[in-house]
Amino acid sequence: MSEDSEKEDYSDRTISDEDESDEDMFMKFVSEDFHRCALLTADSFGDPFFPRTTQILLEYQLGRWVPRLREPRDLYGVSSSGPLSPTRWPYHCEVIDEKVQHIDWTPSCPEPVYIPTGLETEPLYPDSKEDTVVYLAEDAYKEPCFVYSRVGGNRTPLRQPVDYRDNTLMFEARFESGNLQKVVKVAEYEYQLTVRPDLFTNKHTQWYYFQVTNMRAGIVYRFTIVNFTKPASLYSRGMRPLFYSEKEAKAHHIGWQRIGDQIKYYRNNPGQDGRHYFSLTWTFQFPHNKDTCYFAHCYPYTYTNLQEYLSGINNDPVRSKFCKIRVLCHTLARNMVYILTITTPLKNSDSRKRKAVILTARVHPGETNSSWIMKGFLDYILGNSSDAQLLRDTFVFKVVPMLNPDGVIVGNYRCSLAGRDLNRNYTSLLKESFPSVWYTRNMVHRLMEKREVILYCDLHGHSRKENIFMYGCDGSDRSKTLYLQQRIFPLMLSKNCPDKFSFSACKFNVQKSKEGTGRVVMWKMGIRNSFTMEATFCGSTLGNKRGTHFSTKDLESMGYHFCDSLLDYCDPDQTKYYRCLKELEEMERHITLEKVFEDSDTPVIHITLDLESSSRGSDSSESIDSLTDLLKLTSQKKHLKTKKERNSTTASHQNAREGQEVYDRGHLLQRHKQSNSDVKDTRPNEPGDYMVDYFRRQLPNQGLV
């Protein structure tokens, strides 16, 4: 089913590809008092006056038939009257009956990254027939491509792992999102592991998630994954594997935690195909005997987790009023891709004036951190705070929380069951091969015909860089002001969460290899603020979180900061907007100066004069007359105050700067309009007075110069 027809107002409807039968309604009709109230579907009549449809009900009232639309059905697959829709697997995949569940938990203190001692070893394992294979998943290679799917996958009896009576560990990964291909016991307490490539490919070995049982407490075990393909990894920068103990969860309510000693990421022997592979090794002591434990690359978030979350929204009488959940399309395996429309319902034409914001996540199934950011965003935007209410009153949010459920289910890292990266196929016309991105692009196109889309953001995870940052698109060929405008929202985000988000790590360009990504395609469709948000698998190098891993709560908090920054970006009092624009101009000026210093032997006085007359330079009232002033600027920290600081700023302090602020803002606004007269403004129209009290915030008192 696809979201092929969306009404002009908020209450859009999606028609199922299996129309509901009217038999139950007819039986209800014949059993009730005809004169009191009766219901029929329109196709029950032979009268050509009524269209043949099951979506119109005829209600007999006061001696006449009154037509009305059928009430929207329950969320398909997440119904209040039935169980969740079961996950569908490729028919040949073996799946255990046990349902894997984990508790939510946040460590009381941030978990530090691993600091190498210099004594870490680099195990190398030559092939040996004497080694014992303790786990082997061969079912994934029975077909060269996707054929068809079944609920629960392979229906034949599962091959059971060897029940070792000694101290050999037992492994399992045939559950949702699990990934482990082979385990070889190379010593009494040492195991060589191989992760499975994405289904129907021979690459993308990054995500792992598996179960371990039959352990002994206090013994130092060594685990080595030997078939990673990326030369650079966050494991080389202190990232630790994740560990979960069911006994710890039950006894102490402790969930996923960072563990491991002697952690090393290194290049190993070349593979049979001539490619070089890389190994990750770590040692660990289990806390309990005979426990059931798990290791993972990042905090798991499965398709079932999403369905349970959406079911909670659907069954909530408050949140379900302003969050409508529909099915965007079905995947190759016939799993459902959900789309959420979040806004305050209005029955008049005012809802058409609302501008739209689009968020998507999990196009790459192994980037589970993106789902935790999405969860944080949904928790906040569906909450009862005044800011969340204001956002729902102001915008229409279109949210696709999981673009690649097939890949999530089978434990892929990057691809769908087509064996392709969906985030390189937004330009593809192959709807049957890449349905989720095809229908997403189509949804955005139809949405833009009705309302302006001010921001698109696709959530991702990053395997080589710390912190959270954004990739945007380069508008320098169109307008200098547009070139800077696209950097304003990320800059605001960095100021609202300076210990997590790094503006200096953001990049704004369009590489040829990225032209099929959602970010670039949406930008070319006309969405000026089109971003990819990248969240590290590791942690932060900033502020008071420097040297620590991100927890799920840290990731979820980015959802709140996204909303907070959206309020800042659209604040009717545009002082902060133009301050950021001014700061970006100064940054650009400094970059230009540095390049000139590097590439030219021109005297300093000539350089500064050239910069002042350059079209890329700043025309701000605070002119820079000397090299000394320029260099002084580079050493100053430019920031907008936090919400707490803004709220504590006294009115008298604000008034002391009011004259200069008005002059600076007016001067910058005049230049902004002159340089961007041919470019459409993407910020929302100034809302009515009823919104100003929500939006207006204390502005920073510290100047930029």
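The points below go through the overall make-up, two helix pairs, several loop residues and the cysteines of this predicted model.

1. Overall make-up. The protein chain contains 19 helices and 26 strands. It has 705 residues, and 56% of them count as buried. Contacts that reach far along the sequence are well represented: of those between residues at least 6 apart in sequence, 76% join residues at least 24 apart.

2. Helices H6 and H12. H6 covers residues 386-394 and H12 covers residues 552-569; their axes lie 11 Å apart and meet at an angle of about 60 degrees. The two helices are therefore oblique to each other. The crossing of H6 and H12 is left-handed. On the H6 side the contact uses Asp387, Leu390 and Leu391, and on the H12 side Cys563, Leu566 and Leu567. Sorted by class, this contact has five nonpolar residues, one charged residue and no polar ones.

3. Helices H8 and H11. The second pair consists of H8 (residues 435-450) and H11 (residues 518-525), packed at an angle of about 25 degrees with axes 11 Å apart. An angle under 35 degrees counts as roughly parallel, so H8 is roughly parallel to H11. The crossing of H8 and H11 is right-handed. H8 contributes Thr440, Arg441, Val444, His445 and Met448 to the contact, while H11 contributes Val521, Met522 and Met525. The residues of this contact divide into five nonpolar, two polar and one charged.

4. Surroundings of H11. How many of the eight residues of H11 are buried? Six of them are, and the helix is described as mostly covered. The buried residues are Gly518, Arg519, Val520, Val521, Met522 and Trp523. An arginine is thus listed among the buried residues of H11. These buried residues pack against H8 and against three strands, namely S21 (453-462), S22 (468-472) and S24 (530-536). After H11 comes Gly526, with a positive phi near 120 degrees.

5. Positive phi at His204 and Arg362. Two residues other than glycine can be checked for backbone geometry. His204 has a positive phi, near 65 degrees, and sits in the loop between strand S9 (190-194) and strand S10 (209-213). With a relative accessibility of 22%, His204 counts as partly exposed, since buried would require a value under 20%. Arg362 also has a positive phi, of about 60 degrees. Its loop runs between strand S19 (355-361) and helix H5 (369-381). Is Arg362 buried or exposed? Arg362 is buried, with a relative accessible area of 1%.

6. Met215. This residue is in the loop between S10 and strand S11 (220-228). Met215 counts as buried because its relative accessibility is 0%. Which residues does Met215 touch, leaving aside those up to four places away in sequence? They are Leu169, Tyr221, Phe286, His288, Asn289, Lys290, Asp291 and Cys293. The C-alpha atoms of Met215 and Met170 are 8.2 Å apart, with the two positions 45 residues apart along the chain.

7. Glu130. Another loop residue is Glu130, located between strand S4 (88-90) and strand S5 (132-136). Glu130 is exposed, with a relative accessible area of 73%, a value over the 50% needed for that label. Its C-alpha atom is separated by 9.7 Å from that of Lys185, a residue 55 positions away along the chain.

8. Cysteines. How many disulfides does the structure hold? The number is zero. A pair of cysteine sulfur atoms would have to be within 2.5 Å to count as one. Two cysteines can be placed by their accessibility. Cys506 is buried, with a relative accessible area of 10%. Cys570 is buried too, at 8%. Two further cysteines appear in the contacts above: Cys563 belongs to the H12 side of the contact with H6, and Cys293 is one of the residues that Met215 touches.

Note on methods
Residues numbered from 1 in each chain as written. Predicted model: local features only at pLDDT ≥ 70, side-chain atom pairs only at ≥ 80, totals over all residues. Heavy atoms only, no water. Buried < 20%, exposed > 50% of the residue type's maximum accessible area, 1.4 Å probe, protein only. Axes fitted to C-alpha atoms, helices over the stretch in contact; angles between N-to-C directions. Helix = DSSP H or I, 4+ residues; strand = E, 2+ residues; numbered from the N terminus. Parallel < 35°, antiparallel > 145°, perpendicular 65-115°, else oblique. Left-handed = near helix turned anticlockwise from the far one by under 90°. Contact = heavy atoms within 4.5 Å. Nonpolar A, V, L, I, M, F, W, Y, C, P; charged D, E, K, R; others polar.
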